Every structure is written in C-alpha cells, then in structure tokens.
Amino acid sequence: MTRPERRRQKKKYEKAFAAFCKITKQYFPEFIQWLQELKDPRKFWTYEVEVMLMTVIMKNICNITSMQKMTDEFLKEECVENLCRILHVEPHDFLPHYVTINKFLSRLNIKELECLRKNMIRALIRRRKFEDAKFLGKYWLVIFDATGLFHFPQRHCPHCLKKVINKGTKEEKEIYYHHVLETKLVLGNGLVISMGTEFIENEDENVSKNDCETKAFKRLSERLKKEYPRLEICVLADSLYASEPVFERCLKKNKWHILLRYKEGRGCCTNIVLQSYF
C-alpha cells in the first residue's frame with residue numbers, strides 16, 4: 001500500500017471512530033456501562049470484557065474485512081490509547097489478538113449479547129428518537145423474514161435441515177442446510193435494526209419433519225412479546241405467514257397488527273382466515 005493510500009485509510013478510520021463516538025454519546029450514553037455489566041465467562045483475564053467486545057465493534061465500524069487485518073491495523077499506539085480512553089480503563093500496551101477474541105466469543109453466552117441489543121433498542125424507543133417512523137403515528141413496523149446461511153452436500157451437524165432436490169430423476173440428491181429467522185425494527189430512511197434471531201434447525205438428525213419458518217416465528221414472536229410487552233407492533237411479512245397459527249399468535253395472543261405482502265394464489269385463503277378475526 002502506498003503512502004497516499006495509507007493516509008486515506010487512516011482518515012477513513014478516524015471519521016468512522018468519530019462518528020461512532022458521536023452516535024453513542026447521543027443515543028446510547030450508557031453503552032460502556034452495558035458492556036461492563038456483561039457476564040465474563042473467563043476466570044482469569046488480561047483484557048476487560050469491554051475491551052474485548054469494543055475491539056470487534058470497532059473492526060466492523062471501520063469496515064475491516066478480516067480478524068487478522070483487525071489485529072494488524074490496531075497495533076498502532078494511537079488506536080490502543082483511544083480505545084482505552086473511551087472505555088475508561090487502564091492503558092494497555094496492545095489490544096487483544098484476534099485468536100484471543102475468537103476464544104472469548106466462543107465462550108460468551110449469546111444471551112449476554114441479546115441483552116445488550118435489547119438495551120439499545122429500548123433506549124431508542126424510550127428517548128423517542130424515531131417517532132416519525134411509526135406506522136399511522138402509532139405502530140412500530142417489525143419485519144419477520146428468514147434467510148439461508150449455509151448448505152452442504154453431507155450432513156454438517158445433528159441440527160441440519162434436509163431436503164431432496166431433483167426428486168425422481170437421475171440427478172436426485174439430498175442437501176443439508178441451515179436457515180435463520182430474523183426480526184428487524186424499521187426506523188425509516190432505509191434504516192433497520194435487528195430485534196431478534198431464531199435459528200431454524202432440527203432437534204436431532206432423527207426427526208421425521210424439518211423445523212420450518214412458521215414454527216420459528218412462533219418461538220421468536222413469543223420471546224419478542226416477553227421482551228417488549230407494551231410495544232405497539234405491526235408485523236410485516238410475506239404471504240407465507242398468511243395462516244391461521246400466525247394470525248392467532250399476532251392478532252389474538254400478542255394483540256399485534258399485521259401487514260402481509262399479497263401473492264397471487266393465496267388471497268382467498270387469507271381472506272377466509274381473516275374473516276374469523278374481524
């Protein structure tokens with residue numbers, strides 16, 4: 001990399017770091033405290049839990065593409081000094097190596113990160129920063145949608161989903177895959193933030209029927225209702241969700257509203273189901 005390129009890269013990191021500090025100060029003034037309150041799975045440590053997590057956060061803020069590159073870029077003394085300063089911790093000679101961070105993340109309870117996410121969302125809602133994003137001035141739009149993560153020609157783990165493609169032909173074969181259901185809060189102007197994550201996976205490899213998106217929706221919507229019991233929600237989803245169990249969950253149990261994307265061929269079924277609720 002040439003010196004002009006390095007200079008441009010440095011300025012880009014500086015702008016990203018400054019923007020992050022400005023946003024956290026305005027929207028999440030308790031952010032550092034939330035990091036410090038997370039339960040550390042380690043008995044002995046060199047780096048505080050907030051240092052471990054903030055290093056990874058800054059990697060993503062600065063759009064650094066790999067953990068190895070993160071370690072190389074954050075070797076600079078000014079990076080170490082700045083990060084320790086905003087975290088209010090004793091100065092360190094170095095930031096944690098990516099191997100150390102990976103080991104830490106593999107042991108950290110995922111519920112700790114979910115708690116951090118919940119604190120951030122509640123702060124945004126409580127401070128009324130995005131009131132204009134409400135549908136009809138009252139309801140928060142929440143998107144539910146599943147996406148594929150990985151697929152394999154052989155079983156990857158006991159929780160893999162399985163399906164047969166090209167059935168009845170010479171090219172018939174089994175594939176194994178993993179999907180996840182995400183729910184996101186719409187804040188307007190193209191901005192959405194994750195509210196919850198539910199993996200679509202089988203309990204073991206001997207199940208007779210795959211886990212599916214609608215089953216995952218039931219689990220995730222139950223959890224969302226517990227975490228935000230008084231939040232006025234309008235669910236956004238595609239026509240896959242035009243089913244009686246989904247309407248039962250949304251309209252009767254959770255007292256949510258729902259907007260579905262119309263798909264040709266499902267309209268009659270949807271209307272019949274809806275008639276029983278209105």
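**Strand pairing and helix packing in a predicted model**

Strands β3 and β4 (residues 191-200) pair in the antiparallel sense, with nine bridges between them. The structure is a predicted model. Its protein chain contains ten helices and six strands. The points below cover the chain as a whole, the strands, helix α5 and one loop residue.

**The chain as a whole**

- The C-alpha trace of the protein chain spans about 65 × 55 × 45 Å along its principal axes.
- The protein chain has 278 residues, and 38% of them count as buried.
- Among contacts in the protein chain with a separation of 6 or more, 62% come from residues 24 or more positions apart.
- The exposed area of the protein chain is about 17,800 Å², and carbon and sulfur atoms supply 53% of that area.
- There are 51 positive and 37 negative side chains in the protein chain. The centres of these two sets lie 3 Å apart.

**Antiparallel pairing around β3**

- Strand β3 covers residues 173-188 and pairs with β1 (residues 140-152) in the antiparallel sense over ten bridges. In this part of the model, Phe152 stands opposite Tyr176 of β3.
- Strand β2 (residues 161-165) also pairs with β3, in the antiparallel sense and over five bridges. Lys162 has Tyr176 as its bridge partner in β3.
- Tyr176 of β3 therefore stands opposite Phe152 and is also the bridge partner of Lys162, with the pairing judged by DSSP bridges.
- For the pairing of β3 with β4, one position to look at is His179, which stands opposite Ile200 in β4.
- The hairpin of β3 and β4 has two residues between the strands. In that hairpin, Asn189 takes a positive phi near 55°.

**Parallel pairing around β5**

- Strand β5 (residues 233-237) has five residues, and four of them are buried, so the strand is largely enclosed by the rest of the structure.
- β1 and β5 run parallel and are joined by four bridges. Leu141 has Cys234 as its bridge partner in β5.
- β5 and β6 (residues 257-260) run parallel as well, and four bridges join them. Ala237 has Leu260 as its bridge partner in β6.
- Strand β1 thus takes part in antiparallel pairing with β3 and in parallel pairing with β5.

**Helix α5**

- Helix α5 covers residues 77-87, and its buried residues are Val80, Leu83, Cys84 and Leu87. These residues lie on the same side of α5 because they cover an arc of only 95° around the axis.
- An α-helix has 3.6 residues a turn, so residues three or four places apart point the same way.
- The buried residues of α5 pack against two other helices, α2 (31-37) and α3 (49-61).
- Glu77 and Arg85 are exposed, and they are on the face of α5 turned away from its buried side.
- Just after α5 comes His88, which takes a positive phi of about 60°.

**Ala242 in the loop after β5**

- Ala242 lies in the loop between β5 and α9 (244-253).
- Ala242 has a relative accessibility of 2%, so it counts as buried; the cut-off for buried is under 20% relative accessible area.
- Ala242 and Lys39 are 203 residues apart in sequence, and their C-alpha atoms are 40 Å apart in space.

Definitions and conventions
Residues numbered from 1 in each chain as written. Predicted model: local features only at pLDDT ≥ 70, side-chain atom pairs only at ≥ 80, totals over all residues. Heavy atoms only, no water. Buried < 20%, exposed > 50% of the residue type's maximum accessible area, 1.4 Å probe, protein only. Arc of directions from axis to C-beta. Contact = heavy atoms within 4.5 Å. Areas by Shrake-Rupley, 256 points an atom, 1.4 Å probe, with all protein chains shown as cover. Lys, Arg positive; Asp, Glu negative; His and termini not counted. Charge placed at Lys NZ, Arg CZ, Asp CG, Glu CD.
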